[in-house]
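This short report is written for someone meeting the structure for the first time. Please look over the sequence and the model before reading on.

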Amino acid sequence: DLKKAYSDLYHDDLLKVEIQKGVDAELAKQRTQGIRSNAQQIIVRTKDNTPKSFAEATQQIADSL
């Protein structure tokens with residue numbers, strides 16, 4: 001079975017990828033846990049006035065606290 005052979009050959013690499021996905025998800029969750037506002041929408045914009053991605057905006061807000 002080719003899937004089993006591939007899995008056996010790259011088991012460590014596949015495991016590292018899955019662990020990294022879990023770590024990244026947990027870090028993203030922890031970054032947003034302490035951010036609260038008083039029900040006002042906050043839009044963070046870049047220098048060229050385009051909205052940032054959620055991760056970038058969250059990081060900027062967390063840094064300002």
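## Tyrosine 6 and its aromatic partner

In this predicted model, tyrosine 6 counts as partly exposed, because its relative accessibility of 48% falls between the 20% that bounds the buried class and the 50% above which a residue is exposed. Tyrosine 10 belongs to the partly exposed class as well, with a relative accessible area of 34%.

A search through the whole structure finds one aromatic pair. The pair is made by the rings of tyrosine 6 and tyrosine 10, whose centres are 4.9 Å apart and whose planes meet at 45°, so the arrangement is a tilted one. A tilted pair is one whose planes are neither under 30 degrees apart, which would count as stacked, nor over 60, which would count as edge-to-face.

## A nonpolar patch on the surface

Tyr6 and Tyr10 also take part, together with Leu9 and Leu14, in a nonpolar surface patch of about 410 Å². Of these patch members, leucine 9 lies in helix H1, which covers residues 2–9, and leucine 9 is exposed, because its relative accessible area is 63% and the exposed class is set at over 50%.

## Salt bridges within the helices

The structure holds two salt bridges. In one of them, aspartate 8 is joined to lysine 4, with the closest N and O atoms 3.2 Å apart; both residues lie in helix H1, where a spacing of four residues amounts to about one turn of the helix. Aspartate 8 counts as exposed, since its relative accessibility is 51%.

Glutamate 18 forms a salt bridge with lysine 21, and here the closest N and O atoms are 3.5 Å apart. Glutamate 18 and lysine 21 both belong to helix H2, which covers residues 11–33, and they are three residues apart, again about one turn of the helix. At 48% relative accessibility, glutamate 18 counts as partly exposed.

## The protein as a whole

The secondary structure of the protein comes to three helices and zero strands, and the elements, followed from the N terminus on, run α-α-α.

How much of the protein is buried? Of its 65 residues, buried ones make up 5%. The accessible surface of the protein comes to about 6000 Å², and carbon and sulfur atoms account for 55% of that area.

Technical notes:
Residues are numbered from 1 along each chain as its sequence is written. This is a predicted model: local features need pLDDT of at least 70, side-chain atom pairs count only at pLDDT 80 or more; totals for chains, interfaces and linings use all residues. Side-chain values use heavy atoms; hydrogens and water are left out. Patches are made of residues with over 30% relative accessible area and no salt bridge: like charges are joined within 9 Å, nonpolar side chains (Val, Leu, Ile, Met, Phe, Trp, Tyr) within 5 Å. Accessible areas come from the Shrake-Rupley method with a 1.4 Å probe; for residues, only the protein chains shown count as cover. A salt bridge is a side-chain nitrogen of Lys or Arg within 4 Å of a carboxyl oxygen of Asp or Glu. Helices (H or I, at least four residues) and strands (E, at least two) are DSSP runs, numbered from the N terminus. Buried means under 20% relative accessible area, exposed over 50%, partly exposed in between (1.4 Å probe, protein chains only). Rings of Phe, Tyr and Trp (its six-membered ring) pair if their centres lie within 6.5 Å; planes under 30 degrees apart count as stacked, over 60 as edge-to-face and the rest as tilted.
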